[in-house]
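Got your viewer open? Load the model below, switch to cartoon, and keep the selection box handy.

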Amino acid sequence: MANLIGNAVKFGRSSVSVAVSRAGTVCRIVVEDDGPGIPEAERTAVFSPYYRVERSRSRQTGGTGLGLAISRQIAEAHGGTVVAEAGANGGARLVVTLPGLS
């Protein structure tokens, strides 16, 4: 979660939101910002190790391109998922789903 929220703070222009909901035993966490977003064609690739959406922007802001890959691996280790979507304000929207809560 620290990586997802950190990315939203880093790339968001003025707004970052985190919402948590529960449906039965499934927890859903949505992190959304109003930054440049993730192009639709790259929303799967961003979870690959060392992948960066915009190499020039990434050099300016730092990072190794590992954060989202590690975040997805952690979610999957717990039986969950992480997906990237278009945010309501044009930015990125990352949705984490974790099953098995009691």
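We'll go from the sheet to the helices, then to one side chain and a pocket. Keep in mind that this is a predicted model.

**Stop 1: the sheet.** Color the strands first. You'll find four of them in an open, antiparallel sheet, ordered β1-β2-β4-β3. Select β1 (16–23) and β3 next: they stand at the edges with a single partner strand each, so one side of each has no neighbour in the sheet. On average, neighbouring strands here are turned by 15° against each other, ignoring direction.

**Stop 2: the partners of β4.** Now pick β2 (residues 26–33) together with β4. Six bridges join this antiparallel pair, and cysteine 27 has leucine 98 in β4 as its bridge partner. Swap β2 for β3 (residues 81–86): β3 and β4 also pair in the antiparallel sense, over six bridges. Valine 82, for instance, has valine 96 in β4 as its bridge partner. Follow the chain from β3 to β4 and you trace a hairpin with five residues in between. Click on glycine 90 in that turn, where phi is positive, at about 90°.

**Stop 3: the helices.** Show α1 (residues 2–11), which lies across β1, β2 and β4 and runs at about 20° to β2. Then add α3, which packs on the sheet and touches β3 and β4. The direction of α3 makes about 130° with that of β3.

**Stop 4: phenylalanine 47.** Zoom to the loop between β2 and α2 (55–61), where phenylalanine 47 is found. Is phenylalanine 47 buried or exposed? Its relative accessibility is 7%, and because the cut-off for buried is under 20%, it counts as buried. Display the residues around the ring: leaving out those up to four places away in sequence, phenylalanine 47 touches Leu68, Ala69, Arg72, Val82, Val83, Ala84 and Leu94. For a distance check, draw a line between the C-alpha atoms of phenylalanine 47 and glycine 67: these residues are 20 apart along the chain, and the separation is 8.2 Å.

**Stop 5: a pocket.** Last selection: Met1, Leu4, Ser71, Ile74, Ala75, His78, Val82, Val96 and Leu98, which line the second largest pocket. Which elements give two or more residues to this lining? They are α3 (67–77) and β4 (92–98), and α3 gives the most, with three residues. Color by residue type and the lining of this pocket divides into seven nonpolar, two polar and no charged residues. The volume of the second largest pocket is about 150 Å³.

Terms used: Residues numbered from 1 in each chain as written. Predicted model: local features only at pLDDT ≥ 70, side-chain atom pairs only at ≥ 80, totals over all residues. Heavy atoms only, no water. 1 Å grid on protein atoms, 1.4 Å probe; cavity = no way out; pocket = protein on both sides within 12 Å on 5 of 7 lines; lining within 4 Å. Points joined across faces, edges and corners; volume = space filled by probe spheres on them. Helix = DSSP H or I, 4+ residues; strand = E, 2+ residues; numbered from the N terminus. Nonpolar A, V, L, I, M, F, W, Y, C, P; charged D, E, K, R; others polar. Pairing = 2+ DSSP bridges. Buried < 20%, exposed > 50% of the residue type's maximum accessible area, 1.4 Å probe, protein only. Contact = heavy atoms within 4.5 Å. Axes fitted to C-alpha atoms, helices over the stretch in contact; angles between N-to-C directions.
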